[in-house]
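Please open the model in a viewer and keep a selection panel at hand. The stops below proceed from the whole chain to individual side chains.

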Amino acid sequence: MKISQRLLLLFFAIAIVFGGFLYLFFAIKHRESQLYLESDSAHRKLTIDTIFEIKSNTLQRIVEESSLSSDMLAFIYKPDPEWAENNLSNLIHTFDYSLVQVYNASRQIVFSEAGDKFPGLRNYEFPQAILDSLALGRRLSFHLKEQNIILATSAASIHAAHDTLRFTPPAGYIFVCSSIDNKYINDLAKSLNYHTGISFIHPSKTDTSAPAPKSSGRDSQAQIIDYNIRVIRQINDYTGTPIAWISFRYSNPYLSQLRLLGKQITLGALGCILIFLVIHFTLLHYWISYPLKLISKSLKENDPELLSKLREKNNEVADIAILVRKFFDQKQDLIKEIDDRIKTEIKLREIEEQTRKILITSPESIIVTGLKYEIQSLNDETLRLLGYSPLEDAADGPDHSLLQIVKSSDRKEFKEFIDSLLKEGLVKNREFEILRRGSPDGDNSFPALVSASVIYDSNQIPNKLIFITRDLSELKSIESKLRQSQKMESIGTLAGGIAHDFNNIITIIAGYIALAAGKIEGSSEAQDDLDEALKACLRAKTLIGKILTFSRQSEKTVKPLVLADVITDTIPMIRASIPSSIKIQPELESFQYTLADPTEIQQILMNLSSNSYHAMRSDGGTLTISLKSIGGFELIGLHPNVHLETDYLHLCISDTGVGIPAGLLQRIFDPYFSTKAPGEGTGLGLSIVQGIISSYDGFIWLDSVQGEGTNFHIYLPVTEGFSLEDATPEKKSYPFLPARILFVDDERALVDLFTEALSTAGYEVRPFSDSLQALQTFNDYPDNFDLLIADVTMPNIDGLKLSTMILAQRSIPIILYSGFTDHKMTTDAREIGISKIINKPILPEELIQIIRQILAESKA
């Protein structure tokens, strides 16, 4: 797109912006006028409503005073024409009312007088429905249409003067009417300076230019038509039916002037904008578009003299013109550069020779062959990989076909590799077995990663093949060790998963044993048997807890701990992992503290015990775990980091196995070094143990005699203090509070077990083995539950997600339990707002105590 076109688009954009601004300005002014007009119309409507209200109140006040007059009450019982003339007829002459009528209690007219303008109204009788309403309501105000006359009527029941609240039955009824006719409307128009008219047909049916007013419960409505105000007051009869409409029109000249002023401002601003755009476009064309056209023409016609006028100006365009002139001046320099390029090619040949030498000495194996795979050249790394000395003559190297150094089982695939290479020109990263020098096929080979490309001549015809090879032996070895290491790392996760499922089984067994024990009466032997079975389940629970502690992947927690207690807790796990032919002999003499992570200490004990088991598995033996205290000064010369003033705990793990050869003792802590058979170890265990001990400012060493056994000596600094977590919390008793419990677990046996136990304890339980159904039930009846108990691990919706969805509906206490909890699960549960998360296995009585605690705390 040309610059002129871009400038034109820019001007259009500016014009649109200014036009939008003008439209916004005009819209604001128009809206301002409308708001002013709406305010004026509302004010005028209020004025008209007030006038009618005043007249109506005046009429009501006169009727009210007359209806509570003792003279009026006397007139009802004994009509006096003279009194009626002086009091009732006087209302017509004094206030110009149109009709005054008085009825007795039998609803017979005792007085009726009409104005001179409406003599026919003297014989008018009000409908019985109005008299019925007046007998009930005591006072009424309404309008009547009689012929072409609208009567504004006020009526009241007649009572004694002291009966202002009209508790007694009415003695009669008085009606006073004021006519609304053209004279009344004209007088009203003169007083308000409005154009006023009355109509017995809806104005919307007679005035098609005005929109029909919306129906409302008010007597008057305001319309705005081209800055004219029209207020329509609707008159209803006693049944609420419209019988006439009074319209008031008023034209506001100031709004018309304001509108004209807004148009003038808009047109003036639009003219200024158009002038600005024209001037702007002219200047931009002269300053930018025209110089750019000259520059473009100069470059196309190869004539720098066209820019002579531009160079005389002192601006940026002149700078560009000077640069263009320099461009033409530099053309001759380009010709010289072409000559220099020829000289550069000569230098490139020299560089090519240097590149050849670099390839020869490359750390990657490089082989160049002909199209028939015959080896033409190779570098020193190739000689080394194939078993030739780099110092030997090239003639002593391999001079046969490249196929001869590929293992026979891979040669067919290698030929296919060559065919792909010739078709594609480049093939990367194919793996083959390469034979070393002088070895039979397969006896001495190594895995190699081969990439190859085709070398073309000047006519782009394939000339040679180049192969780059990398030895994968070391990489394969590391990869194998890494896989084995990953397998070992997964053991912890596997143990956690198995323990989780086993926890469910233990919970079911222990729970039903506890229930059965509560149902047996009078059989002490059966009770004893159940108690023993329950003890066995609790021992299994303790063992599973230790397995979970060992397998849990949590953050490292270093704290003061009694090392002897950790050893005591770990020995059952060691016993379960090695055969009974190996005797375990603990010798714990010290119960001092040290700073360590209990899980890592258990990992060390399990690792070293496993090594001892492998050393004794053929003939059995004794595994001794001893612990005692020793002063730092007694370890002088044993390790350079010994602190003489510090006491140490000496942990020794000894076995009576085959021992370690003396030549291997120096490498025993090296990563990936292992004396076990292939597939039995990763070679990482002892290096990890050494790293853990070093992180605690301790050290480890070993002594071993081949055929007699091995002793691992671990020294950890003694510390003072104790762990606050070891303190046993004070147990509290909580009262029973009735509750409706929503219980969810995908294990049906657990659902049945805890439903029976909790129901027996007095709770109302709604059990579910499907979390989706439980959620649906809670959504339908959220107020029917006081507590949620759910398993964490469930299909469809797990316990954490179920708790989140339920808490979004309503805040209730929640207890979650699982066969395996970790730090992340606990943190997530705390953030969601879970009241309690507990580990399986759990007995029914324990769960009931926790429920009592949670309910008591939530009520508090």
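Of the 860 residues of the protein chain, 39% count as buried; buried denotes under 20% relative accessible area, exposed over 50%, and partly exposed the range in between, with a 1.4 Å probe and protein chains only. The model is predicted: local features require pLDDT of at least 70 and side-chain atom pairs count only at pLDDT 80 or more, whereas totals for chains, interfaces and linings use all residues. Residues are numbered from 1 along each chain as its sequence is written, and side-chain values use heavy atoms, with hydrogens and water left out.

**The whole chain**

Display the cartoon: the protein chain has 23 helices and 26 strands. These elements are DSSP runs numbered from the N terminus, helices being H or I with at least four residues and strands being E with at least two. The protein chain exposes about 49000 Å², of which carbon and sulfur atoms supply 54%; accessible areas come from the Shrake-Rupley method with a 1.4 Å probe, and for residues only the protein chains shown count as cover. Among contacts between residues at least 6 apart in sequence, 62% join residues at least 24 apart, a contact being heavy atoms within 4.5 Å.

**Helix α13 and its surroundings**

Select residues 411-424, which form helix α13. At 1.5 Å a residue, the 14 residues of α13 should span 20 Å, and its end C-alpha atoms are 20 Å apart, which agrees; the expected span is 1.5 Å times one less than the number of residues. Which residues of α13 are buried? They are F414, F417, I418 and L421. Seen down the axis of α13, the buried residues fall within an arc of 100°, so they line one face of the helix; the arc is that of the directions from the helix axis to the C-beta atoms. An α-helix has 3.6 residues a turn, so residues three or four places apart point the same way.

Next, colour K412, K423 and E424, which are exposed on the other side of α13. Then add β12 (426-435), β13 (445-456) and β14 (462-471), against which the buried residues of α13 pack. Just after α13, G425 takes a positive phi of about 90°.

Move on to the loop between β13 and β14, where Q460 lies. Q460 has a positive phi of about 60° although it is not a glycine, and Q460 is exposed, with a relative accessible area of 58%. For another such residue, select D96, in the loop between α4 (89-95) and β1 (99-104); D96 also has a positive phi of about 60° and is not a glycine.

**Two threonines in strands**

Select T369 in strand β10 (residues 365-369). T369 is buried, with a relative accessible area of 0%. Residues up to four places away in sequence aside, T369 touches E374, I375, Q376, L402, K464, L465 and F467.

Continue to T624 in strand β18 (residues 621-631). T624 is buried as well, at a relative accessible area of 18%. Beyond its neighbours within four places in sequence, T624 contacts Q585, E587, C652, I653 and S654.

**Salt bridges**

How many salt bridges does the structure hold? It holds 11, each a side-chain nitrogen of Lys or Arg within 4 Å of a carboxyl oxygen of Asp or Glu.

Show D49 and R233 as sticks: their side chains meet in a salt bridge at 2.8 Å, N to O. D49 lies in helix α1 (residues 3-67) and R233 in strand β8 (residues 228-236), so the pair ties together parts that are 184 residues apart in sequence. D49 counts as buried at 15% relative accessibility, and R233 is buried at 10%. Add K45, which is linked with D49 and R233 in a network of salt bridges.

Now select D786 and R740, whose side chains meet in a salt bridge at 3.2 Å, N to O. D786 is partly exposed, with a relative accessible area of 23%, and R740 counts as partly exposed at 28%.

Finally for this group, D752 and R748 meet in a salt bridge at 3.4 Å, N to O. Both lie in helix α19 (residues 748-760), 4 residues apart, about one turn of the helix.

**A nonpolar surface patch**

To end, select I275, I279, L283, Y286, W287, I288 and L292, which form a nonpolar patch on the surface with about 670 Å² of accessible area together. Patches are made of residues with over 30% relative accessible area and no salt bridge, like charges being joined within 9 Å and nonpolar side chains (Val, Leu, Ile, Met, Phe, Trp, Tyr) within 5 Å. Within the patch, centre on I288 in helix α8 (residues 253-301); I288 is partly exposed, with a relative accessible area of 33%.
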